[in-house]
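Me: I'd like to learn how to read salt bridges in a structure. Could you walk me through it?

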Amino acid sequence: MMLCMLLYRRWLDDAARYWECFSLPVKISMVTGVLALICAVAIYGWMMHRWRRQRRYIFCEATDDWLVNQVIWPAVVYGIVPEKQLAHAPLSEYQYPEYKQLFIRQLMAYRKSFTGNIPAILRTVYLRLELQAGAMAGLYSRQSARVQASLKELSGMGVWIDGRFILRLTKSKNEHTRWLARSYMVQCAPAYPLEFLEEPGEVLLPWQQFELSRMVIAREDIPVPLFEKWIDPRYHPTIISFALRLATHYQQRTAVKVMLRLLPVSVETLRIHIIGCLGQLHVAEVGPLLKGMYEMESSACRTAILQAIDQINAGAQPGHHGITILR
């Protein structure tokens, strides 16, 4: 490094000494030539940028027209992807990688915008055109940014590959990679979408619990997992809270037994959550137990007990919407 600095300084000294040897007209000519060269390069760069932007615009217009008229509309009418139309995809006319990525982003945007069988048909187009090859290769890259981009693409297109490797990514040291791998697994895994929670030391932040719950509820292509196995003291309270929320959402009454087993030994916040879940599940058998706990609990737990008993009574007596009085 020091040698490079020394050579650079010597070059500047030689240039300054030679510059003094030139006459004024020569100096003016040299400065004018340099400025003209800079302007020519700048104009060329601006023209190339404008040309590329125009090409991208034309490409987007062509692919939008092809997707809507040649793929989505026949899919709505006939429910299938016309095989002959795949051979006329505009992508074949644009061989640069940036156009392929632009087309993939369009497919992902359309998948988010449409419901019914359209997302599945767009996924078929993605696979038939073999657009997943780049994402599959990037998944095993040593560059975190490339791995994350691959996870986003495969998740957005609903394509599942290499479950064992994805499970390893859910334990990545990179927090963003770890979250994207978990989201990908929950959204696309054909079985055991919550396998990464099997480790007792796992922790879920509140926003992660919300997002994962939303993803699990959106899955209609797999059987609903039994969440009672995570309602266990060996798991972190955040995992237990996540399992309680989903067990209650799916009205899994088989989880009541483990809830009651955990109720006496849990911390107050978790105890309040369990009491609320028992009320939402309308478990009439726990009424006497909750009434017996009432006097020994804090004001927050007492409020939860009152609300739970009222929900249980409302479930047992349709039309009941009153305040429960403990006797």
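**Reading the salt bridges**

Reply: Let's begin with a single side chain in this predicted model: Arg302 is partly exposed, at 27% relative accessibility.

Me: Which residue does Arg302 meet in a salt bridge?

Reply: Side chains of opposite charge can pair when their charged atoms come close. Here the partner of Arg302 is Glu295, at 3.9 Å from N to O. Glu295 is exposed, its relative accessible area being 59%.

Me: Which residues are joined into one network by salt bridges that share partners?

Reply: That would be Arg52, Arg56 and Glu98.

Me: How many salt bridges are there by this rule?

Reply: The count comes to 10. One of them pairs Arg182 with Glu202, and their closest N and O atoms are 2.2 Å apart. This pair links distant parts of the chain, 20 residues apart: Arg182 sits in helix H9 (residues 175–188), while Glu202 is in the loop between H9 and helix H10 (206–218).

Me: Are Arg182 and Glu202 buried or exposed?

Reply: With a relative accessible area of 4%, Arg182 is buried. Glu202 counts as buried too, at 12% relative accessibility, because the cut-off for buried is under 20%.

Me: What about Arg271 and Glu297, where do they lie?

Reply: Their side chains form a salt bridge at 3.3 Å, N to O. Arg271 is in helix H13 (residues 268–280) and Glu297 is in the loop between helix H14 (287–293) and helix H15 (299–316), so the pair ties together parts that are 26 residues apart in sequence. Both Arg271 and Glu297 are buried.

How values were computed:
Residues numbered from 1 in each chain as written. Predicted model: local features only at pLDDT ≥ 70, side-chain atom pairs only at ≥ 80, totals over all residues. Heavy atoms only, no water. Salt bridge = Lys/Arg side-chain N within 4 Å of Asp/Glu carboxyl O. Helix = DSSP H or I, 4+ residues; strand = E, 2+ residues; numbered from the N terminus. Buried < 20%, exposed > 50% of the residue type's maximum accessible area, 1.4 Å probe, protein only.
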